[in-house]
Amino acid sequence: MPVLRWIRRNLVVIAGLLTLAYMILPNIVVMVFSFNKPKGRFNYEWQRFSLDAWKDPCGVADLCGSLSLSLQIAFWATLGATALGTAVAFALVRYRFRARGAISSLIFLPMAMPEVVMAASLLTLFLNMGAELGFWTVLIAHIMFCLSFVVTAVKARVMSMDPRLEEAARDLYAGPVQTFVRVTLPIAAPGIAAGALLAFALSFDDFIITNFNAGSTVTFPMFVWGSAQRGTPVQINVIGTAMFVIAVLMVLVGQLIANRRKSNARN
Amino acid sequence: MSVTEAPPAPTPEEPRELTLRKPSTRKRLIPYWLLLPGILWLVVFFVLPLVYQASTSVQTGSLEQGFEVTWHFQTYVDALREYYPQFIRSLFYAGTATILCLLLGYPLAYLIAFKAGRWRNLVLVLVIAPFFTSFLIRTLAWKTILADGGAVVDVLNTLHVLDVTSWLGWTESNRVLATPMAVVCGLTYNFLPFMILPLYTSLERIDGRLHEAAGDLYATPATTFRKVTFPLSMPGVVSGTLLTFIPASGDYVNAELLGSTDTKMVGSVIQSQFLRVLDYPTAAALSFILMAIVLMVVTFYIRRSGTEDLV
């Protein structure tokens, strides 16, 4: 049987593509259902095609407010976590000091802990301190759990850096500040960017820790969670689809620019 | 690019610093200054909360009269006695999802690393792209996919798969939604990228010539995989399974959105004890037990697989 033989030979590829389909399927459903006109409050069953939600993406109360709040929190959390994390990463790679092992474990632990445990314990702290739950407590929490991921990303990049480049800069009479700004930082930039991107994604999409520590503040994931109980507006799908398309376009454009640069460099 | 590709200079024989003088105090303090803000943040908002939680778990009292530390360890015993089904269920669901992620994710990671060729970047983007739509929206989409009378359920019904799964207790009479299978399916879906990316990273590092060498030594493709590829990908397998199992064991989103009251995981219990019942000691004790279990599993697992340099 030639068909069977072909399947056998390409088994890995077929299995891999099936997994890919499994991962993409929900996104397709989200996209298709952003054009739905549901009968009841829930957008789980296909009724008929409509552009209503796309024409009026903010037509649901509090939806766009929660979206903008999530973007703000993600922005500040990214900034905070990237600044703190980059410094820690540099210290860990470049210097030998006491308690290095302990600090490495401290960085690793938040990543090895179920989110719900961190969420619950942080809430305990805030309740004990009498802190008012809201924007600031969410921001504090997000910086906390993004920090470790930034450190890991930046550390990987700084570790693979050639120290001789900095030595060369110093040999050429660059001061420590100049060396750092003109040589070290540009080389470490991809790692820092990767860490920042990761932090932004983690913060923007976080639900469990936010749910514990937000009080009555509603971020976008919390809005979606609430709507799963009260009724899911089609606009959620519109925003999900828009974010997906924007992100994919950005990646593609970035790839295009990189390719263009590469071919330019070759000529 | 040209900067990093400079040819390696011959290593000088003489020591780099000719005069060995003690660095000034200011210089010696640099690493500590760099560490201070980040570490302080983690100590105050990660370690300290755990201490507070430990103390809360041994307190007794009520919301009105306040809680007091009375070293009431009975809370742990009571919490375990009442909620052990949820603990076992969480570990079972998370474990199953992790195994499924490995089985589903490995071929895809392998495909990206060795077979995709010029499509590699596109496939990688497709793996990461779903992330950009909030995971809650995507999890809700599974409600549509697995809906009663939907295409998936129909196909599984015609193939009599649901008869088998119902007999095993994974589904209930022609329903997938609100059953353990739906929850495990959601968990697997949500944590697959956390399995695929570490797997891909470790597979990509493998020198292709090792495969050729195995072939030259008359190893069949299956033997090559068993003796060369898989052992070399172990770091990816270990970190991938951890990155899947840890968050899955504490997750309550999938159990709440896709499951029923019979599929509640321990995360749900902690959440409702903390935010609705307001029984803080029980919630803190449950959360501590979960943490202890996960840390034990992780330590044991890392020891057994012999990769301690994960971090």
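In chain B of this predicted model, the loop between α6 (151-158) and α7 (161-168) holds B:H160, a residue that has a positive phi of about 60° although it is not a glycine. B:H160 counts as exposed because it has 9 C-beta neighbours inside 10 Å, where 12 or fewer is the limit for that class. Chain A offers a related case in A:Y173, whose phi is near 65°, again a positive value in a residue other than glycine. The points below take up these loops, then the confidence of the model, the contact between the chains, two helices, one buried alanine, the domains of chain B and the record for chain A.

**Positive phi values**

- A:Y173 is placed in the loop between α8 (163-171) and α9 (176-205) of chain A, and with 7 C-beta neighbours inside 10 Å it counts as exposed.
- A:G130, which comes just after α6(A), takes a positive phi of about 70°.

**Confidence**

- The model as a whole scores ipTM 0.89 and pTM 0.88, while chain B has a mean pLDDT of 86, with 91% of its residues reaching 70 or more.
- Over residues 1-19 of chain B, pLDDT stays under 50, and for this stretch the model has three contacts beyond four places in sequence.
- Where pLDDT is low, the predicted coordinates should not be read in detail.

**Contact between the chains**

- The contact between the two chains brings together 72 residues of chain B and 69 residues of chain A, and on the side of chain B that touches chain A it is α2(B) that gives the most, with 18 residues.
- That side of chain B divides into 55 nonpolar, 14 polar and three charged residues.

**Helix α6 of chain A**

- Helix α6 of chain A runs over residues 115-129, and at 1.5 Å a residue its 15 residues should span 21 Å, which agrees with the 21 Å that separate its end C-alpha atoms.
- This helix is mostly covered, since twelve of its 15 residues are buried, and the buried residues include A:E115, A:S121 and A:T124 as well as A:V116, A:L122 and A:F126.
- What covers the buried residues of α6(A) comes from both chains, and includes α7 (135-159) and α10 (208-213) of chain A together with α2 (30-57), α11, α13 (266-277) and α14 (280-305) of chain B.

**Helix α11 of chain B**

- Helix α11 of chain B, one of the elements that cover the buried residues of α6(A), takes in residues 234-250; its 17 residues should span 24 Å at 1.5 Å a residue, and the 25 Å between its end C-alpha atoms agrees with this.
- Of the 17 residues of α11(B), 14 are buried, and the helix is thus mostly covered.

**B:A284 in helix α14**

- B:A284 lies in helix α14 of chain B and counts as buried because 31 C-beta neighbours fall inside 10 Å, where the class begins at 20.
- Leaving aside neighbours within four places in sequence, B:A284 is in contact with A:A120 and A:T124 of chain A, and with B:Q53, B:T56 and B:S57 of chain B; A:A120 and A:T124 are themselves among the buried residues of α6(A).
- Between B:A284 and B:R205, which are 79 residues apart along the chain, the C-alpha atoms are separated by 43 Å.

**Domains of chain B**

- Chain B is divided into domain 1 (25-57) and domain 2 (83-305), and the centres of these two domains, taken over C-alpha atoms, are separated by 33 Å.
- Four residues from domain 1 of chain B and six residues from domain 2 of chain B take part in the contact between them, and on the domain 1 side the residues divide into one nonpolar, three polar and no charged.

**UniProt record for chain A**

- An unreviewed UniProt entry gives the annotation "domain: ABC transmembrane type-1" to residues 67-257 of chain A; over these residues the model is 82% helix and 0% strand, with end C-alpha atoms 30 Å apart.
- The "transmembrane region" listing for chain A, also from an unreviewed UniProt entry, includes residues 105-127 and 180-202.
- Over residues 105-127 of chain A the chain is 74% helix and 0% strand, with 27 Å between the end C-alpha atoms, whereas residues 180-202 of chain A are 100% helix and 0% strand, with 29 Å between the end C-alpha atoms.

Definitions and conventions
Residues numbered from 1 in each chain as written. Chains lettered and ligands numbered in written order. Predicted model: local features only at pLDDT ≥ 70, side-chain atom pairs only at ≥ 80, totals over all residues. Helix = DSSP H or I, 4+ residues; strand = E, 2+ residues; numbered from the N terminus. Expected span 1.5 Å × (residues − 1). Domains from an automatic or database assignment. Contact = placed C-beta atoms within 7 Å. Nonpolar A, V, L, I, M, F, W, Y, C, P; charged D, E, K, R; others polar. UniProt positions renumbered as here; feature names shortened; annotations may be inferred. pLDDT = per-residue confidence, 0-100.
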